[in-house]
Amino acid sequence: MAREPRHSPIVPSYGESSLADLSNSILASLTGNAAANVLGLPETGRVCLLVIDGLGFELLRAHQAAASFLAELAFNSRPLTAGFPSTTVTSMSSLGTGLVPSVHGMLGYQVAVPGAGRLLNGLKWPDDIDPEAWQPQPTLFERAAAAGVDAVHVGPSAFPKTGLTRAALRGSQYRGADSLGTLAALTAAALAESDRTLVVAYHGDLDAAGHRYGVSSQAWEFQLAHVDRLAEQIASSLPYGSVLYVTADHGMVDVGLDDRIDVDGPTSILRDGVALLGGEARARHVYAHQGAAADVAATWREVLGEHAWVASRKEAIKDGWFGPPGVVDEAMSARIGDVVAACAGNSAVIASKAEPRESALIGMHGSLTPAEQLVPLLAFNARLTHGVSRGGVDGPVPGPAQPTRPRYPRPGAF
């Protein structure tokens with residue numbers, strides 16, 4: 001019998017406390033739709049959602065000194081689960097649509113184009129695939145506009161025409177911001193323009209620092225301090241009655257050289273029977289040649305052992321990795337690997353020849369560990385007429401209700 005990881009995976013709490021639930025609850029708080037407000041967020045007219053790429057809940061908890069403002073907000077908070085894979089393409093799509101991965105179909109960094117014999121990279125979109133056909137469901141921004149809520153997205157100026165934005169984040173007034181100061185200023189301006197508005201602001205440099213230098217690096221910690229100041233500046237400029245929520249798309253772990261299992265190594269058998277290798281190093285979609293799926297699954301289980309949770313497509317769907325069991329769009333399920341591998345601990349399945357740049361990263365993410373799955377939900381409620389300061393919080397904004405069927409232990413308070 002093949003070895004297995006010592007701990008169980010963190011199965012995302014879809015329908016209870018996931019990123020998709022956050023989006024739906026925010027929109028419900030703006031429209032007064034109590035039935036859709038799963039997290040029990042307070043009703044308001046203006047919301048800013050600040051998404052910090054790569055700021056996992058456990059990372060914030062471990063670096064309080066570098067992020068005093070965010071750590072203070074986190075004191076009475078509890079985390080959300082990102083969804084699987086815990087990666088930007090999937091999580092931003094969950095936030096952008098309010099749907100679980102098995103429905104919106106943005107199922108990872110690289111997934112198979114069914115019947116085409118090739119992969120689609122969600123961050124480097126191919127010219128011959130229409131993003132709106134690939135992900136046809138209405139987005140959060142489109143739903144907000146239909147409900148009479150102004151929808152604004154503030155992020156890098158290069159992003160409005162990307163495939164990911166067009167697929168999962170379309171329908172907003174997009175405003176480009178390429179520095180922290182500009183991001184804070186444009187976000188504050190957008191919030192002041194309307195009595196009913198949703199502003200989503202995105203910052204990605206913390207994730208970039210983690211990938212290149214690792215989340216244990218001084219570079220990452222210094223960048224976190226800048227992010228902390230960004231959040232504080234946005235909070236200080238909120239119009240009266242606005243609410244700021246801060247979350248992330250995933251956490252991150254550092255992967256050492258000895259923790260890398262290379263499918264392109266000279267003695268590796270992990271490519272046997274494999275037609276396409278998708279996903280990324282911490283969360284692999286493995287597409288088998290016809291008739292080889294069972295053998296591929298057996299090989300991956302034997303080779304990876306305690307380093308990964310390995311499941312067949314059917315098992316991963318049944319166990320709720322991509323959405324609640326039974327909630328899957330059949331058209332989307334073909335994008336899932338015949339075999340799915342989620343790395344445990346600090347292990348990674350790299351492809352040094354096929355993916356040299358990705359294989360060289362220090363910080364990685366995508367899997368079902370607490371470090372990657374748990375993301376913060378922080379809230380700041382502006383109660384003063386002329387903006388707020390750090391001391392201007394009139395009590396904490398209620399966080400999401402405890403899930404009725406918790407799938408992970410609640411971390412201790414700061």
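Four aromatic pairs are present in the structure, where rings of Phe, Tyr and Trp (its six-membered ring) pair if their centres lie within 6.5 Å, and planes under 30 degrees apart count as stacked, over 60 as edge-to-face and the rest as tilted. The pair formed by Phe84 and Phe322 is edge-to-face, with 5.3 Å centre to centre and 65 degrees between the planes. Phe84 lies in the loop between β2 (80–81) and α4 (88–97), and Phe322 in the loop between α13 (313–318) and α14 (330–333), so this pair ties together parts that are 238 residues apart in sequence; helices (H or I, at least four residues) and strands (E, at least two) are DSSP runs, numbered from the N terminus. Both Phe84 and Phe322 are buried, a term that means under 20% relative accessible area, whereas exposed means over 50% and partly exposed in between (1.4 Å probe, protein chains only). Ring pairs further link Phe84, Trp321 and Phe322 into a cluster.

The model is a predicted one, in which local features need pLDDT of at least 70 and side-chain atom pairs count only at pLDDT 80 or more, while totals for chains, interfaces and linings use all residues. Residues are numbered from 1 along each chain as its sequence is written, and side-chain values use heavy atoms, with hydrogens and water left out. The protein averages a pLDDT (the predictor's confidence in each residue, from 0 to 100) of 92, and 92% of the residues score at least 70. Over residues 384–414, however, pLDDT stays under 50, and for these residues the model has 72 contacts beyond four places in sequence, a contact being heavy atoms within 4.5 Å.

A tilted aromatic pair is formed by Phe159 and Tyr202, at 6.2 Å centre to centre and with 40 degrees between the planes. Because Phe159 lies in the loop between β5 (150–155) and α8 (163–168) and Tyr202 in strand β7 (residues 197–203), the pair ties together parts that are 43 residues apart in sequence. Phe159 is partly exposed, at 34% relative accessibility, whereas Tyr202 is buried, with a relative accessible area of 11%. In addition, Arg335 lies over the face of Trp134, at 3.5 Å from the ring centre, the criterion for a charge over a ring being that NZ of Lys or CZ of Arg is within 6 Å of the ring centre and within 35 degrees of the ring normal.

The largest nonpolar core (a set of buried Ala, Val, Leu, Ile, Met, Phe, Trp, Tyr and Cys residues joined through side-chain atoms within 4.5 Å) comprises 98 residues, of which Leu70 and Trp321 touch the most other members. Helix α11 (residues 218–236) gives the most to this core, contributing seven residues. A second, separate core has 19 residues, among them Leu270, Val274, Val310 and Ala351. When neighbours within four places in sequence are left aside, the contacts of Trp321 include Pro12, Tyr14, Phe84, Trp309 and Leu368.

No disulfide, defined as a pair of cysteine sulfur atoms within 2.5 Å, is found in a search of the whole structure. Cys48 is buried at 0% relative accessibility, and Cys343 is buried with a relative accessible area of 2%.

Ser29, in helix α1 (residues 19–31), is buried, with a relative accessible area of 1%, and its contacts beyond four places in sequence include Asn37, Leu41 and Val47. Ala62, in helix α2 (residues 57–62), is by contrast exposed, with a relative accessible area of 58%.
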